[in-house]
Amino acid sequence: MSPAVSRAELESLLQASFARGAPFPLTVTGWSMRPLLRHARDVVLLEDPQKRPPRRGDIVLFRRTAGEWVLHRVISRTAAGSLVMNGDAQTWTELISPEQVRGVASAVRRGRHVFPCSGPLLRFYAWAWELLRPLRGAILAVSRAARRLFGR
């Protein structure tokens, strides 16, 4: 696992990586992108949003106006151009401006396996999980109960 960095350092590391034309590996922290991404297990490879603008279904790293860094999925774009964001483990949404996006995931690395975000497996997952958004609360509650009952 990578050592933690400050918010200011993260911005600078992202920009340096993008300036070299390299993807930036970010270890997932937190639980808002479960069940796809797991805390401290998965790594997303981020691309420069200037070169790869976010589109529906993409996982993006953005910075909230209060300064928090968040990794969520784009579920749509408003007529005014704002992005509607949602964590996979959540049912609520939030609006951000495209300028708040700091990176767009091009792949997910889990152990030695790398899954391209543009591949059919992750695109299908994004599509299906979005359709299930009204049921997510119940699905995740059943999943948590099953893990407690049967173990991980």
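Colleague: How many of the nine residues of strand β4 are buried?
Modeller: Strand β4 covers residues 69-77 and is mostly covered. Buried means under 20% relative accessible area with a 1.4 Å probe, protein chains only, and strands are DSSP E runs of at least two residues, numbered from the N terminus. By that cut-off, the number of buried residues in β4 is seven.

Colleague: What should I know about the model itself?
Modeller: It's a predicted model, where local features need pLDDT of at least 70, side-chain atom pairs count only at pLDDT 80 or more, and totals for chains, interfaces and linings use all residues. Residues are numbered from 1 along each chain as its sequence is written, and side-chain values use heavy atoms, leaving out hydrogens and water.

Colleague: Which residue of β4 stands opposite I59?
Modeller: Strand β3 (residues 59-63) pairs with β4 in the antiparallel sense over five bridges; pairing takes at least two DSSP bridges. Across from I59 in β4 sits R73.

Colleague: And which residue in β5 stands opposite V74?
Modeller: β4 and strand β5 (residues 83-86) run antiparallel, joined by four bridges. Opposite V74 is M85.

Colleague: Why is the pair of F124 and W127 tilted?
Modeller: Phe, Tyr and Trp rings (six-membered ring for Trp) pair if their centres lie within 6.5 Å; planes under 30 degrees apart are stacked, over 60 edge-to-face, and the rest tilted. The centres of F124 and W127 are 5.6 Å apart, and the pair is tilted because the planes sit at 40°.

Colleague: What is the angle between the planes of Y125 and W129?
Modeller: Y125 and W129 are 6.2 Å apart centre to centre. They're stacked, with an angle of 15°.

Technical notes
Buried means under 20% relative accessible area, exposed over 50%, partly exposed in between (1.4 Å probe, protein chains only).
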